[in-house]
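Work through the exercises below with the sequence and the model side by side. Try each task before you read its solution.

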Amino acid sequence: MGFKCGIVGLPNVGKSTLFNALTQTAAAEAANYPFCTIEPNVGEVGVPDERLDKLAEIGKSAQILPTRLTFVDIAGLVRGASKGEGLGNQFLGHIREVDAVAYVLRCFEDSDITHVENRIDPIADAETVETELMLADLDSLEKRRTAIEKKAKSGDKDAKAQMALMDKALMLLREGRPARFAEVAPEEEAAFRALQLLTAKPVLYVCNVDEGSAAEGNALSAKVFERAKAEGAGAVVISAKIEAELAALPAEERQAFLADLGLEEPGLNRLIREGYRLLGLVTYFTVGPKEARAWTIIKGTKAPGAAGVIHTDFEKGFIRAETIAYEDYVRLGGEAGAREAGKMRLEGKEYVVADGDVMHFRFAN
């Protein structure tokens, strides 16, 4: 498990260029005209984690298997998309399954690249995108509510509960606010997610800046960060142009290229970290001679649930987990050293897995 991120935005904001760079493919045609991405493009990247490389070195692992991040690139939205303008809403269904939605916003000036609304205003762009997603959610809920209401009136308890959640979302949407601001009790969260509302998903604002602003951002991206802070969303600065150039370089030349630009790491790393923070994800590791592997789980997951990410049998037959903190594993030279120093712990079913734990699960067949 990694996480799945939908990429949305107006045409010509650098969305497909960013997708190509992040997935190091040319699967999405990047061109200076609207709707060049007619079908959704899906790409996977390994999540960079220096800890995994270190663990593999110590464990003498033959393979290194990072956790995966999936990007879904959607055709550019325009004002009126929910009513059929441009490509209409035919593609919106493709982002109903994602964990978070990245709004790619143009935060750079370039007279050679047209803007669909002839102005550079990332906040207005974000509002255009969000409005179309809200209108799509509103239409979806209003169509579904009639059937649910009939079931609820017949005494169906599940239908009553579902209608109550629908009404929470509808009230916000009719006020022009996204469904993610609905007050939902912890026990209702799974049912609320099942409504598959586009605006109920966490939002990550991706500020696409010029090369000179890649390290610190600029005045346009600063406005986006203010908006993100006010609504509890994520935000990250990336130069799609730099990421594209970086993706085209041999791996051994990339660090020098970044250093020349005053950057410590690729924008992808920042995007992933912000996505993990936004979604409350953590990583644990398994290490052996065959492979060193990273596994992503939701923060707060207990040991059996973490084991289940590897295989459902591990969760069903869970006995205990041999656990070593990453720092102890590295400091003590691996599993044997940690065991001798008393730093290997046997954890039971109530143990909450911590970020960086190196784990081996014992289970009954």
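**Getting oriented**

The protein chain has 13 helices and 12 strands; helices (H or I, at least four residues) and strands (E, at least two) are DSSP runs, numbered from the N terminus. This is a predicted model, in which local features need pLDDT of at least 70 and side-chain atom pairs count only at pLDDT 80 or more, while totals for chains, interfaces and linings use all residues. Residues are numbered from 1 along each chain as its sequence is written, and side-chain values use heavy atoms, with hydrogens and water left out.

**Exercise 1. The whole chain**

Task: State what share of the protein chain is buried, and what share of the contacts is long-range in sequence.

Solution.
- Step 1. Of the 365 residues, 51% are buried. Buried means under 20% relative accessible area, exposed over 50%, and partly exposed in between (1.4 Å probe, protein chains only).
- Step 2. Take the contacts between residues at least 6 apart in sequence: 68% of them join residues at least 24 apart. Contact means heavy atoms within 4.5 Å.

**Exercise 2. The six-stranded sheet**

Task: Give the strand order of the open sheet of six strands, then find its edges.

Solution.
- Step 1. The order is 2-4-1-5-6-7, and the pairing is mixed. Two strands pair if DSSP finds at least two bridges between them.
- Step 2. Strand 2 (41-46) and strand 7 (234-238) have a single partner strand each, so one side of each lacks a neighbour in the sheet.
- Step 3. From one strand to the next, the twist averages 25°. Axes here are lines fitted to C-alpha atoms, for helices over the stretch in contact, and angles run from 0 to 180 degrees between N-to-C directions.
- Step 4. Look at one pairing: strand 1 (residues 3-8) and strand 4 (residues 68-73) run parallel, joined by five bridges. Phe3 has Leu69 as its bridge partner in strand 4.
- Step 5. Add the helices. Helix 3 (residues 122-153) packs on the sheet and touches strand 1, strand 5 (100-107) and strand 6 (203-209). The direction of helix 3 makes about 145° with that of strand 5.
- Step 6. Helix 9 (residues 267-279) also packs on the sheet, and its direction makes about 180° with that of strand 7.

**Exercise 3. An edge strand**

Task: Is strand 7 enclosed or open to its surroundings, and how does the chain reach strand 7 from strand 6?

Solution.
- Step 1. Five of the five residues of strand 7 are buried, so strand 7 is largely enclosed by the rest of the structure.
- Step 2. Check both faces. Gly234, Val236 and Ile238 lie on one side, Ala235 and Val237 on the other, and all are buried.
- Step 3. Strand 6 and strand 7 run parallel, with five bridges between them. Leu204 stands opposite Gly234.
- Step 4. The chain passes from strand 6 through helix 6 (residues 219-231) to strand 7, in a right-handed β-α-β crossover. Right-handed means that, with the strands pointing away from the viewer, the path from the first strand over the helix to the second runs clockwise.

**Exercise 4. Aromatic rings**

Task: How many aromatic pairs does the whole structure hold, and what is the geometry of Tyr284 and Phe361?

Solution.
- Step 1. The search finds four aromatic pairs. Rings of Phe, Tyr and Trp (its six-membered ring) pair if their centres lie within 6.5 Å; planes under 30 degrees apart count as stacked, over 60 as edge-to-face and the rest as tilted.
- Step 2. The ring centres of Tyr284 and Phe361 are 5.9 Å apart and the planes lie at 90°, so this pair is edge-to-face.
- Step 3. Tyr284 belongs to strand 8 (residues 281-287) and Phe361 to strand 12 (residues 358-363), so the pair ties together parts 77 residues apart in sequence.
- Step 4. Both are buried: Tyr284 at 0% relative accessibility, Phe361 at 7%.
- Step 5. Ring pairs link Tyr284, Phe318 and Phe361 into a cluster.

**Exercise 5. Positive phi in two loops**

Task: Are Asn12 and Lys60 buried or exposed?

Solution.
- Step 1. Asn12 is not a glycine, yet has a positive phi of about 65°. Asn12 lies in the loop between strand 1 and helix 1 (15-23).
- Step 2. Asn12 has 13% relative accessibility and so counts as buried.
- Step 3. Lys60 has a positive phi too, near 50°. Lys60 sits in the loop between helix 2 (50-59) and strand 3 (63-65).
- Step 4. With a relative accessible area of 68%, Lys60 is exposed.
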